[in-house]
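I opened the model to look up its fold, its core, the annotated positions and the ligand shell. My entries follow in that order.

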Amino acid sequence: MNLAVGSTNPVKIDAVERTLERYEPTVTAVDVDSGVDEQPRSIAETVTGAENRARRALAATDADYGIGLEGGVARLEATPGLSLIMWGAATDGDRTERGGGPTLRLPDHVAERLADGAELGPVMDDVLGTTGVATGAGAAGVFTDGLTDRTRALGEAVACSFGPLVTTAYETEP
Ligand SMILES: O=P(O)(O)OP(=O)(O)OP(=O)(O)OC[C@H]1O[C@@H](n2cnc3c(O)ncnc32)[C@H](O)[C@@H]1O
């Protein structure tokens, strides 16, 4: 199975390869424009970024499926503060499915800096004194005491978007 992933971020490629290992995928990383702000700030913008990445990656290759992953932040109705969210999209060029990854509240001191227009990746590096934490454990790892990490978290978004696209379970009534 040939997959085109709309990013060259190693953590996203890793999330796809690990989650979809069963399909023995050949993954091509495609540097596409997400078509949304560098730091999406709503669920809708984050989903749109994932969709654009999936469609543009597929269009740039002759892969069987395109997959897009997008990280964002959003103020959610049911929980306080600013949340880290992540969404995936998978397309075969005809049908597109979207699925979310985990959600967690960001600390207020990080949320405050994002309110000033900053991007999460650089803010995280500044706070932690790291370089490129977004390509490693990510905020998902740091703020869960390592109980998950960005690869696993994004992997759930891969499973919840790509899975519905390829399963036959949507074709029959339960
Ligand atoms: O190369 P691309 O695919 O653009 O990867 P990215 O990590 O820069 O891009 P995203 O659009 O998925 O994320 C938007 C911003 O949020 C940051 N971000 C998202 N999830 C994160 C996490 O778990 N830890 C740290 N930064 C994160 C990311 O670094 C960006 O600054």
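Fold. I read the elements of the protein chain from the N terminus as β-α-β-α-β-β-β-β-α-α-α-α. That order holds six helices and six strands. I took helices (H or I, at least four residues) and strands (E, at least two) as DSSP runs, numbered from the N terminus. The model is a predicted one: local features need pLDDT of at least 70, side-chain atom pairs count only at pLDDT 80 or more, and totals for chains, interfaces and linings use all residues. Residues are numbered from 1 along each chain as its sequence is written.

Overall dimensions. I looked up the radius of gyration of the protein chain, taken over C-alpha atoms. It is 16 Å, close to the 16 Å that the globule rule gives for 174 residues, so the protein chain is as compact as a globular protein of that length. The globule rule is 2.2 Å times the number of residues to the power 0.38. Along its principal axes the C-alpha trace spans about 45 × 35 × 30 Å.

Burial and contacts. I found 44% of the 174 residues buried. Here buried means 20 or more other C-beta atoms within 10 Å of a residue's own, exposed means 12 or fewer, and partly exposed lies in between; C-beta atoms are placed from the backbone. A contact needs the C-beta atoms of two residues within 7 Å. Of the contacts with a separation of 6 or more, 59% join residues 24 or more positions apart.

Core. I then went to the largest nonpolar core (buried Ala, Val, Leu, Ile, Met, Phe, Trp, Tyr and Cys residues joined through C-beta atoms within 7 Å). It has 42 residues, and those touching the most other members are Val5, Val16, Ala57, Ile67, Leu69, Leu154 and Val158. Elements giving two or more residues to this core include strand S1 (2-5), helix H2 (43-59), strand S3 (65-75) and strand S4 (82-91). S4 gives the largest share, seven residues. I checked Ala57: beyond its neighbours within four places in sequence, its contacts include Val5, Val30, Val32 and Ile67.

Annotated positions. I looked up UniProt, where an unreviewed entry lists Asp33 and Asp62 under "binding site"; such annotations may be inferred rather than shown by experiment. Asp33 sits in the loop between strand S2 (26-29) and H2. Asp33 counts as exposed because it has 10 other C-beta atoms within 10 Å. Asp62 is in the loop between H2 and S3. Asp62 is exposed too, because it has 8 C-beta neighbours inside 10 Å.

Ligand shell. I found 18 residues around the ligand (C-beta atom, placed from the backbone, within 6 Å of it). The closest are Ser7, Gly71, Gly121, Ala134 and Gly138. S3, H4 and H5 each give two or more residues to this shell.
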